[in-house]
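Visitor: I'm new to this one, so could you walk me through it?
Guide: Gladly; let's bring it up and start with the overall picture.

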Amino acid sequence: SQIPGLYAIPQGHCALVETHGKYTHTLLPGLNIINPLTTNLKSLKEWTWTFPKDIGSEEKCGPVSVKEEWTCAKPGNLMELTEQQWLTNFCTTYTKDRIEIQAKASLNFRITDPYKAAYSIDVLPRSIHNEAHAALRSEMSKIEFGPYFFSNKARFFEKQEALNCGLKNNLQQRVQNWGVEILRAEVGPFVYCKSDVRALQERRFSNIFSLVIAAPIIAFAILG
């Protein structure tokens, strides 16, 4: 605002007003006037948060980091209220059968309560990112690698949808007190070590082979 105390809030945004450091009210889209001597807009500069965005590699079995920014706010004091889409960086997860997988989560969400988003948690973008990783680890630990990744297309998409639904519900429970609604959450892409998969397949083949060898002996012992 070039004129002290006069603020034009664009559509789909809001700004929080503080008097002597204490929240008083929220400015909605349109032209707003506040007393510049006793009041000011809450700064959201910390909401522009730089984090490592990882690029996975099957050969390296790990990510390479570059920098990317997350933000729920426009530069200055404006809070974004429309639907937003974020892609987290890679997160190290483990399946139920202990296969290490690097996975990302794509999130669609919106802020429903600006007051809670600003004052109930420290730096909302970073907190959502961290909780998304925690939810991702939790949901990935419930699946088995073989049945999930080596199933036919129909079964794979069915399991993928169930995994996405679980991630969305898990994350919503974690952020429900922050004035945020998770609209959609999707898991992927995945990166994993081929050597780990080969070891898993060899163990399963060994188990099947042992059962095939042992079956006649067990049957002979039972039938006596």
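Visitor: What helices and strands does the chain have?
Guide: This is a predicted model, and in it the chain has five helices and 12 strands.

Visitor: And how much of the chain is buried?
Guide: Of the 224 residues in the chain, 39% are buried. The accessible surface of the chain is about 12800 Å², and carbon and sulfur atoms account for 55% of that area.

Visitor: What about contacts along the sequence?
Guide: If we take contacts between residues at least 6 apart in sequence, 64% of them join residues that are at least 24 apart.

Visitor: Okay, new topic. Where does Tyr7 lie?
Guide: Tyr7 belongs to strand S1, which covers residues 6-9. The C-alpha atom of Tyr7 is 9.7 Å from that of Leu41, a residue 34 positions away along the chain.

Visitor: Why does Tyr7 count as partly exposed?
Guide: Because its relative accessibility is 22%, and partly exposed covers values between the 20% limit for buried and the 50% limit for exposed.

Visitor: Which sign does phi have in His20?
Guide: His20 has a positive phi, near 55°, although it is not a glycine. Most residues other than glycine have a negative phi. His20 sits in the loop between strand S2 (13-19) and strand S3 (22-27), and with a relative accessible area of 69% it is exposed.

Visitor: And where is Arg98 found?
Guide: Arg98 is in the loop between strand S10 (91-94) and strand S11 (100-111). Its phi is also positive, near 65°, and Arg98 is exposed, with a relative accessible area of 60%.

Technical notes: Residues are numbered from 1 along each chain as its sequence is written. This is a predicted model: local features need pLDDT of at least 70, side-chain atom pairs count only at pLDDT 80 or more; totals for chains, interfaces and linings use all residues. Side-chain values use heavy atoms; hydrogens and water are left out. Helices (H or I, at least four residues) and strands (E, at least two) are DSSP runs, numbered from the N terminus. Buried means under 20% relative accessible area, exposed over 50%, partly exposed in between (1.4 Å probe, protein chains only). Contact means heavy atoms within 4.5 Å. Accessible areas come from the Shrake-Rupley method with a 1.4 Å probe; for residues, only the protein chains shown count as cover.
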